Structure formats: C-alpha cells, structure tokens
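Okay, thanks for coming, everyone. I'll walk you through one structure today, and we'll take it a piece at a time. Here it is on the screen.

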Amino acid sequence: MIIRHACEFDLPAIVAIYNAAIPSRMASADLAPVSVESRLTWFKGRSPSQRPLWVMEVEGAIAGWLSFQSFYGRPAYNKTAEISIYIAPAFHRCGLGRQLLAQAISESPSLGLKTLIGFIFAHNQPSLKLFETFGFQPWGHLPNVAELDDIERDLVIMGLRISDTAK
C-alpha cells in the first residue's frame with residue numbers, strides 16, 4: 001500500500017470511487033454521478049503543501065482517497081480543514097480509511113493545520129465510529145438538513161483539535 005499525492009491522471013479513478021458511494025446515500029450529498037470534467041476545478045484547487053489530495057494505491061490500483069478542503073473560505077479559518085475519505089467498494093472494511101485518517105492527523109501540523117473537521121451523515125455509523133476512534137468529537141448536529149430519496153437526514157460535524165505536541 002502506498003499513500004501519495006494525486007495527479008491529474010488519477011482523477012477518473014477518484015471520481016469513480018466517489019460515484020460508487022452515491023447510491024448508498026451514506027457518504028455523499030450528491031444524488032447523481034458526477035463527471036471527471038465537473039471535478040477538474042476541485043482537483044486543481046488541491047495543493048500538496050496546504051490542501052492535499054492523497055490516493056492510496058493497493059497493488060497498482062487506486063483503492064481510496066482523502067482530501068483536505070479549506071473550511072468556510074475565509075482567512076481566519078486557514079488553520080482548519082475539512083477532510084473527506086472515500087474508499088472503493090472492493091476495499092471496504094480493509095482498514096484503508098483508518099490508514100488515511102491516521103496519516104491526515106499526523107501530517108496536519110506540517111500543513112499548518114490545528115483543527116480537522118468532518119461532515120458525516122448521522123446514519124453513517126461506520127464513518128462516525130472511525131472518526132471517534134481517532135479522537136474526533138461531535139461538535140455540531142444539524143437535524144434534517146439533507147433529503148436523500150425523500151428521507152430527511154441529519155448531519156454531524158465531527159472535530160479534532162490537533163495537539164501542538166504532534167509537531
């Protein structure tokens with residue numbers, strides 16, 4: 001297994017993994033698949049030194065990815081990033097999300113980050129448990145803010161303050 005910075009060549013695999021998560025209604029608020037072209041601006045907004053996008057390769061295949069996204073887009077929040085993790089269905093329950101999240105936490109100080117947040121649907125218990133395992137705590141609960149297949153869903157904001165001793 002290798003975790004590395006994504007390159008544009010990886011974008012079709014990244015999008016395929018994301019699109020595979022849409023039908024379950026567990027991890028994405030998109031209701032229909034997205035195109036590679038529609039994600040190009042998002043991809044180009046990633047920066048290896050500040051807001052990276054990592055892919056995890058397993059035997060040459062892209063098995064999952066993790067992205068850091070600026071939170072709220074204002075300078076006062078520069079030390080905070082939202083993280084998203086997506087794993088290809090064939091690699092679910094293999095510990096890849098755990099490895100990506102561990103690396104995100106460990107690399108956060110070198111990225112200038114003091115706080116990580118995740119926005120997770122309340123019914124996505126596997127993701128909530130994963131984040132809790134790494135010390136994330138619920139910092140917010142937004143009831144019924146998403147509608148997925150005519151079912152209103154809650155969103156939980158999970159947060160972790162990165163220790164200054166992690167440097």
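Let's start with Thr80: is it buried or exposed? Thr80 has a relative accessibility of 14%, and because the cut-off for buried is under 20%, it counts as buried. I should say right away that this is a predicted model, so keep that in mind for everything that follows.

Where does Thr80 sit? You'll find Thr80 in strand S4. If we skip the neighbours within four places in sequence, Thr80 is in contact with Arg51, Phe71, Leu113, Thr115 and Ile117. One of those, Thr115, is also the bridge partner of Thr80 in S5.

Now, strand S4 as a whole, which runs from 80 to 87. Seven of the eight residues of S4 are buried, so this strand is largely enclosed by the rest of the structure. What does S4 pair with? With S5, S4 runs parallel, and three bridges join the two. With S3, S4 pairs in the antiparallel sense, over seven bridges. If you want to find that pairing on the screen, look for Gly64, which stands opposite Ile87 in S4, and for Trp65, which stands opposite Tyr86 in S4.

There's one more thing on this side. S4, H3 and S5 together make a β-α-β unit, and that unit is right-handed.

Okay, over to S3. That's the strand at 61-70. Seven of the ten residues of S3 are buried, so S3, too, is largely enclosed by the rest of the structure. We've just seen S3 pair with S4; S3 is also joined to S2, by six bridges, and those two run antiparallel. S2 and S3 form a hairpin with two residues between them. In that turn, Glu59 has a positive phi of about 50°.

A residue I'd pick out in S3 is Ser67. How buried is Ser67? Its relative accessible area is 3%, so with a cut-off of under 20% Ser67 counts as buried. Ser67 is the bridge partner of Leu53. Those two are 14 residues apart in sequence, yet their C-alphas are 4.3 Å apart in space. And what else does Ser67 touch? Not counting residues up to four places away in sequence, Ser67 touches Trp42, Arg46, Pro52, Leu53, Glu82, Ile83 and Ser84.

Next, helix H1, at 11-21. Which residues of H1 are buried? They are Leu11, Ile14, Val15, Ile17, Tyr18, Asn19 and Ala21. To help you picture that list: an α-helix has 3.6 residues a turn, so residues three or four places apart point the same way. What covers the buried residues of H1 includes helix H2, strand S2, S3 and S4. So the two strands we began with turn up again here.

Let me turn to backbone angles for a minute. Most residues other than glycine have a negative phi. Arg25, though, has a positive phi of about 60°, and it is not a glycine. Arg25 lies in the loop between H1 and H2, and at 16% relative accessibility Arg25 counts as buried.

Then there's Asp150, again a residue other than glycine, with a positive phi near 65°. Asp150 is in the loop between S6 and strand S7. Is Asp150 buried or exposed? Asp150 is exposed, with a relative accessible area of 71%. The strands on either side, S6 and S7, run antiparallel and are joined by eight bridges; for example, His141 has Val156 in S7 as its bridge partner. S6 and S7 form a hairpin with two residues between them, and Asp149 in the turn has a positive phi of about 55°.

Last stop, the largest pocket. How much space lies in it? About 1,200 Å³. Of the 44 residues that line this pocket, the closest to its centre are Ala27, Ile85, Tyr86, Asn124 and Ser127. You've met Tyr86 already, as the residue in S4 opposite Trp65. The lining residues divide into 26 nonpolar, twelve polar and six charged. And which elements supply at least two residues each? Those are H1, S3, S4, H3, S5, H4 and S6.

That's my tour; over to you.

Note on methods: Residues are numbered from 1 along each chain as its sequence is written. This is a predicted model: local features need pLDDT of at least 70, side-chain atom pairs count only at pLDDT 80 or more; totals for chains, interfaces and linings use all residues. Side-chain values use heavy atoms; hydrogens and water are left out. On a 1 Å grid over the protein atoms alone, a cavity is a set of points where a 1.4 Å probe fits but cannot get out, and a pocket is an open set with protein on both sides within 12 Å along at least five of seven lines; lining residues have an atom within 4 Å of a point. Grid points are joined across faces, edges and corners, and a volume is the space filled by probe spheres set on the points. Helices (H or I, at least four residues) and strands (E, at least two) are DSSP runs, numbered from the N terminus. Ala, Val, Leu, Ile, Met, Phe, Trp, Tyr, Cys and Pro count as nonpolar, Asp, Glu, Lys and Arg as charged, and the others, Gly among them, as polar. Buried means under 20% relative accessible area, exposed over 50%, partly exposed in between (1.4 Å probe, protein chains only). Contact means heavy atoms within 4.5 Å. Two strands pair if DSSP finds at least two bridges between them. A crossover is right-handed if, with the strands pointing away from the viewer, the path from the first strand over the helix to the second runs clockwise.
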